[in-house]
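Welcome! Let us take a friendly walk through a protein structure, one part after another. Please keep the 3D view open as you read.

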Amino acid sequence: MARTRFAPDRGLTTRMLMTMVLLAVLYVVLVGAISLLSGAWVLGVIIGLGVLWGQWYFSDKLALSAMGAREVSPAEDPQLHAVIDRLCAMADMPKPKVAVAHTDLPNAFAAGRSPDRSVVCVTDGLRRKVDERELEAVLSHELSHVAHRDVLVMTIASVVGVLAGFMTRAVLWSGMMRGRGNNNNAALIALGVMVVAAVVYFVSFLLTRLLSRYRELAADRAGAILTGQPSALASALTKISGEMAQIPNKDLRAAEPYNAFFFVPALTGKLDIASLFASHPKLDKRLAQLDKISVELGRE
């Protein structure tokens with residue numbers, strides 16, 4: 001992780017490294033399968049490198065665009081900048097760009113490829129729901145994601161599953177498999193590529209969810225220790241989780257693809273297959289950890 005005063009987490013570092021190695025293996029398997037079955041490995045490599053570079057270089061801009069957020073200057077929002085200035089000084093880390101999303105969804109997220117090239121965004125809904133002490137706790141949580149560099153890892157990790165589908169469609173649509181035998185062979189090749197892509201997508205989805213749950217607990221802990229106010233973070237978590245039930249389902253569904261990056265997941269409450277692979281740990285588990293930290297810090 002970056003050298004800051006946020007508490008280091010070797011477990012998070014190990015998990016990020018393992019996730020990246022396994023995802024790299026999955027990507028090689030996918031490109032190899034496409035090459036073997038269709039001879040389109042050049043296309044796979046070009047698409048893969050292009051998407052990875054785009055996500056790495058433009059991740060902060062893509063995240064802001066997806067949420068309809070915009071960067072704000074200290075003159076435009078002095079209160080928000082003051083809180084982040086104070087936290088960055090406490091953590092001894094570079095100040096990220098600051099953005100605001102005009103939505104009732106109470107949430108916050110961090111994005112960017114490095115501590116020097118990052119952005120922290122809060123929504124209007126969050127600021128209406130929490131007080132300044134709780135807002136500081138939420139922003140400390142988000143800044144710890146930047147310091148731990150898990151934002152970049154999650155950004156890259158989320159690309160592999162997308163690549164699995166995109167590359168497969170590109171190969172099938174390109175017609176490169178035509179002329180390599182009769183129609184039966186072409187059908188078998190198409191089926192083989194789709195099966196490999198489906199497996200890669202599922203495994204990458206599972207890996208990112210496992211990492212996401214752990215990194216949220218790591219950010220809760222690091223953020224609470226930095227501010228010395230775990231109860232403020234617990235209060236913010238409780239408020240925001242309860243507020244989610246009041247948000248229209250259409251707004252929650254629109255935000256769900258970005259849950260892995262949010263402070264609190266935007267969930268419609270419907271139990272489905274995806275909810276079994278949640279991007280965040282259960283609220284009770286997060287609150288229990290914060291209670292434990294309060295005891296460790298002698299706050300309670």
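How many cavities of 30 Å³ or more does the structure hold? There is 1. Before looking into that cavity, please keep in mind that this is a predicted model.

The cavity has a volume of about 40 Å³. If you want to find its walls, look for G112, R113, S114, P115, S118, H145, V146, R149, V151 and L152, which line it. By character, these lining residues divide into 4 nonpolar, 4 polar and 2 charged. Three elements, β3, α5 and α6 (150-174), each supply at least two residues of the lining. The element that gives the most is β3, with 3 residues.

From the cavity wall, we can follow strand β3 to its partner. Strand β3 covers residues 108-114 and pairs with β4 in the antiparallel sense, over 6 bridges. The two strands form a hairpin, with 2 residues between them. To see one matched position, find A108, which stands opposite V122 in β4.

Now turn to strand β4 itself, which runs through residues 117-123. Is β4 largely enclosed or largely open? The count of buried residues gives the answer: 6 of its 7 residues are buried, so the strand is largely enclosed by the rest of the structure. A residue is called buried here when its relative accessible area is under 20%.

Strand β4 also pairs with β2 (residues 97-101), this time in the parallel sense and over 5 bridges. Two positions let you trace this pairing by eye. V98 has V120 as its bridge partner in β4, and A101 stands opposite T123. Strand β2 is mostly covered too, with 4 of its 5 residues buried. Strand β2 has a further partner in β1 (residues 69-71), and these two pair in the antiparallel sense over 3 bridges. Here E71 stands opposite A99 in β2.

Next, consider how the side chains gather. In soluble globular proteins, nonpolar side chains tend to be buried together. In this model, the largest nonpolar core has 28 residues, and those touching the most other members are F6, L80, M93, V122, L126 and L139. Several elements give two or more residues to this core: α3 (78-91), β2, β3, β4, α5 (132-148), α7 (183-227) and α8 (230-244). Apart from it lies another core, made of 11 residues, including L64, M67, A111 and V119.

M93 is a good residue to zoom in on. Which residues does M93 touch, leaving aside those up to four places away in sequence? They are T4, F6, C88, L143, V146 and A147. One of these, V146, is a residue we have already met in the lining of the cavity.

For a last stop, go to helix α7, where you will find V203. This valine is partly exposed, with a relative accessible area of 30%. Although V203 and L22 are 181 residues apart along the chain, their C-alpha atoms are separated by 9.4 Å.

Note on methods: Residues are numbered from 1 along each chain as its sequence is written. This is a predicted model: local features need pLDDT of at least 70, side-chain atom pairs count only at pLDDT 80 or more; totals for chains, interfaces and linings use all residues. Side-chain values use heavy atoms; hydrogens and water are left out. Buried means under 20% relative accessible area, exposed over 50%, partly exposed in between (1.4 Å probe, protein chains only). Two strands pair if DSSP finds at least two bridges between them. A nonpolar core is a set of buried Ala, Val, Leu, Ile, Met, Phe, Trp, Tyr and Cys residues joined through side-chain atoms within 4.5 Å. Contact means heavy atoms within 4.5 Å. On a 1 Å grid over the protein atoms alone, a cavity is a set of points where a 1.4 Å probe fits but cannot get out, and a pocket is an open set with protein on both sides within 12 Å along at least five of seven lines; lining residues have an atom within 4 Å of a point. Grid points are joined across faces, edges and corners, and a volume is the space filled by probe spheres set on the points. Ala, Val, Leu, Ile, Met, Phe, Trp, Tyr, Cys and Pro count as nonpolar, Asp, Glu, Lys and Arg as charged, and the others, Gly among them, as polar.
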